[in-house]
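Reader: Could you take me through the empty space inside this one, and the helices that pack around it? I'd like a close look at that single part rather than a tour of everything.

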Amino acid sequence: MPEPKLSDPSRSHAVLIGTDTYEHPKLGNLPAVRNNLERLRELLCDTGTWGLAPERCAVLPQPPSQKAMLDTVYDAAAEAADTVLVYYAGHGLVHPQSGELYLALPESDPDRPHRAVRYEELRSILLSPAGGRPSARRKVVVLDCCWSGLALGGMSSGDLAPATAVHGAYVLTATAATRQALAVPGETYTAFTGELIDVISSGVADGPALLSMTALFDEVEQALTAKGRPLPRQTHSDHAGRICLVRNRAARERREGPQGGAGRTAVADRPVRTAAAPPAPPAPPAPERRPGERRPSLPELVPVPPDGPAVVRLGRYPVTYAQFRAFLRDPANARWRPKDARAAGETSTTAICGAGTAWSSRRGAAGIRSSG
């Protein structure tokens, strides 16, 4: 098999799309998305990374409409003779009937899918632009949104379902089909794209001269695993995992000498630093109960001394109300169900959602936010 080659920047196009501000109150704003677009554009146009001409890298922050977004992707796919890259960051929505992935726009409404862009339409354009115009020989799709794994069709790497396959395509998603992506308040970039940017900008020590898409995936996956964050997914056809869009900056520094900074070491070799938790404040005394007072139906909070033998476990991923409701409805999980929910029956959502509210408030206190 021949050695991988860098996609020709003079015959390639990129489209970077991001929605960071939303009109609908159910869709929180994601200020890190705009930073994603700006930094990715800088890296893709840098001659030390890829060298894409600025006019070949279209950036759509806050796409005004479905037409504007899809037309831009259409033009890029039709004009690129080598490779087209399409990146999207923002909220991902799931159609309530079909279960398909939709990409949110500024005016999108979670209850009105027609206000978002159906991923299948974007995929169809990449597969074959209309009007007989040829499509780019190779395609790369990167999705940083919740439920983005739906774009993979639930298939494993290298095994695409006919309904989702794009000839010569590589698809990289921030999460699995059942997971939410993260945008951590205070961080410059979203969790997934931040790691992708880190790999591209720093390079990989002892790595090859070019970083293929599968090599980028491996590095990003290991970094996210070390931080306990949602893991990315990939799928590709026709050896598209060997597509190389970026040079390994660390490899170039090995040949030419340092250019202002040390290269990134392989993720597996880097120590993981964790901030020490501050001492827990003393637990407040439990309120006295009057004689005959009814005990609350929800489980009580039990103070745990910081130096005690008890083990406290925290959830690794956010849980939606629907997921928590399904968990409580499962008879196998009856011992976790609050008394009021059991008394009301398994179809009562009021009591069950009430139990989930306490968890939701704890998540908010932790400062972790879903990006989609």
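Author: A quick word on terms before we start: a cavity here is a set of grid points where a 1.4 Å probe fits but cannot get out, and a residue lines a cavity if it has an atom within 4 Å of one of those points. Keep in mind, too, that this is a predicted model.

On that basis, Ala174, Thr175, Ala181, Leu182, Ala191, Phe192, Leu224, Arg229 and Pro230 line the second largest cavity. Its volume is about 50 Å³. Sorted by class, that lining has 7 nonpolar residues, 1 polar and 1 charged.

Now for the largest cavity, out of the 3 cavities of 30 Å³ or more. The largest one holds about 140 Å³ of space. It has 13 lining residues, and Leu44, Leu85, Val142, Leu196 and Ile200 are the ones nearest its centre. Two or more lining residues come from each of α1 (32-45), β3 (83-89), β7 (138-144), α4 (191-202), α5 (213-226) and β11 (244-247). As for chemistry, the lining of this largest cavity is 13 nonpolar residues, with no polar and no charged ones.

Let's follow α4 from there, starting with its packing against α1. The axes of α1 and α4 come within 11 Å and cross at roughly 20°. Angles under 35 degrees count as roughly parallel, so that is what α1 and α4 are to each other. The crossing of α1 past α4 is left-handed. On the α1 side, the contact uses Asn36, Arg39, Leu40 and Leu43, while α4 brings Thr193, Ile197, Ile200 and Ser201. By class, that makes 4 nonpolar, 3 polar and 1 charged residues in the contact of α1 with α4.

Then there's α5. Here α4 and α5 pack at an angle of about 125°, with their axes 9 Å apart, and the pair is therefore oblique. This crossing is right-handed. From α4, the residues involved are Ala191, Phe192, Glu195, Leu196, Val199 and Ile200, and they meet Leu216, Glu219, Val220, Ala223 and Leu224 of α5. The contact of α4 with α5 has 9 nonpolar residues, no polar ones and 2 charged ones.

A few residues tie the picture together. Ile200 is among those nearest the centre of the largest cavity, and it also takes part in the α4 contacts with α1 and with α5. Ala191, Phe192 and Leu224 line the second largest cavity and belong to the contact between α4 and α5 as well.

Notes: Residues numbered from 1 in each chain as written. Predicted model: local features only at pLDDT ≥ 70, side-chain atom pairs only at ≥ 80, totals over all residues. Heavy atoms only, no water. 1 Å grid on protein atoms, 1.4 Å probe; cavity = no way out; pocket = protein on both sides within 12 Å on 5 of 7 lines; lining within 4 Å. Points joined across faces, edges and corners; volume = space filled by probe spheres on them. Helix = DSSP H or I, 4+ residues; strand = E, 2+ residues; numbered from the N terminus. Nonpolar A, V, L, I, M, F, W, Y, C, P; charged D, E, K, R; others polar. Axes fitted to C-alpha atoms, helices over the stretch in contact; angles between N-to-C directions. Parallel < 35°, antiparallel > 145°, perpendicular 65-115°, else oblique. Left-handed = near helix turned anticlockwise from the far one by under 90°. Contact = heavy atoms within 4.5 Å.
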